[in-house]
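Please describe, for a first-year student, the backbone features and side-chain contacts of the structure shown below.

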Amino acid sequence: MRDHAARTTMALFVTASLALTGCSSGSGKKDTAKDARPSSPGEPEQGVSVPTVDIPDLVDKDLGTATETVKGLGFTDIVYRDAGGKGRKPVADKNWKVCDQTPAPGPTNPKERVEFGAVPTKENCTLYPTAMPSYSQSAPPTSAAPSTRPPTTPAPTKPAPTTTPPGPVPTLPTGLVFFRNCDEAKAAGAAPLHRGDPGYSLRLDRDRDGVACEK
């Protein structure tokens with residue numbers, strides 16, 4: 001009887017030890033299914049950087065050379081535009097030259113679109129200042145209500161002193177203002193030029209931030 005009771009007690013002790021061991025090992029396991037879940041679509045993976053290449057300044061280059069240059073850098077989405085605004089279709093050869101480019105020179109993702117504004121090589125890019133829309137629109141004038149106050153005699157005013165402009169502002173035959181470079185804009189006292197200002201063009205705004213000749 002005593003041997004039977006001892007064997008029964010030992011069996012219960014072993015069973016309890018195995019149960020405790022199983023609980024301890026189960027609690028220490030990691031939720032591998034949770035850790036291995038895939039990232040959601042569009043979520044950038046950590047440690048992965050966007051590839052970029054340095055696109056050079058291709059203004060005044062012939063359109064054929066400029067096109068081959070960006071193709072060699074891995075760009076495939078390349079479009080052309082008539083910088084003269086005459087609706088012509090530029091051809092990627094030596095008969096056309098680049099007047100402006102987007103994006104600006106510097107590190108660029110090769111998946112971005114490259115746009116060249118070009119004119120025939122016999123034409124001058126400075127004769128076609130880029131026309132940018134003005135984003136500051138003034139409110140239309142409103143008619144003032146008739147005044148009921150009696151007219152008053154204005155006090156005599158002193159003539160304003162005349163000032164000499166810092167320099168001549170070059171104009172086109174049509175009245176459009178243009179500058180061949182930032183030195184001319186600064187000499188005329190017009191710098192910096194903001195988008196919509198007379199004389200502003202993408203040729204002078206190399207970083208395409210809307211402000212030309214700021215330095």
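Asp-60 is found in the loop that runs between strand S1 (53-55) and helix H3 (63-72). Helices (H or I, at least four residues) and strands (E, at least two) are DSSP runs, numbered from the N terminus. The phi angle of Asp-60 is near 75°, a positive value in a residue other than glycine. The model is predicted: local features need pLDDT of at least 70, side-chain atom pairs count only at pLDDT 80 or more, and totals for chains, interfaces and linings use all residues. Residues are numbered from 1 along each chain as its sequence is written, and side-chain values use heavy atoms, with hydrogens and water left out.

Cys-213 also has a positive phi, near 55°, and is not a glycine. Cys-213 belongs to the segment after strand S7 (211-212). With a relative accessible area of 6%, Cys-213 is buried; buried means under 20% relative accessible area, exposed over 50%, and partly exposed in between (1.4 Å probe, protein chains only).

Another backbone feature is the cis peptide bond between Thr-102 and Pro-103, with omega about 5°. Pro-103 sits in the loop between strand S3 (96-102) and strand S4 (106-108).

Six salt bridges are counted, a salt bridge being a side-chain nitrogen of Lys or Arg within 4 Å of a carboxyl oxygen of Asp or Glu. The table gives three of them.

| Salt bridge | Closest N to O distance |
|---|---|
| Glu-115 and Arg-81 | 2.6 Å |
| Asp-82 and Arg-88 | 2.9 Å |
| Arg-88 and Glu-123 | 2.8 Å |

Arg-88 lies in the loop between S2 and S3 and Glu-123 in the loop between S5 and helix H4 (182-187), so their salt bridge ties together parts that are 35 residues apart in sequence. Arg-88 is partly exposed at 24%, whereas Glu-123 is buried at 14% and Asp-82 is buried at 9% relative accessibility.

Which residues are linked with Arg-81 in a network of salt bridges? They are Asp-100 and Glu-115. Arg-81 is partly exposed, at 25% relative accessibility, and Glu-115 is partly exposed, at 26%.

One aromatic pair is counted; rings of Phe, Tyr and Trp (its six-membered ring) pair if their centres lie within 6.5 Å, and planes under 30 degrees apart count as stacked, over 60 as edge-to-face and the rest as tilted. The ring centres of Tyr-80 and Phe-116 are 6.5 Å apart and the planes are at 15°, so this pair is stacked. Tyr-80 is partly exposed at 30%, while Phe-116 is buried at 0% relative accessibility.
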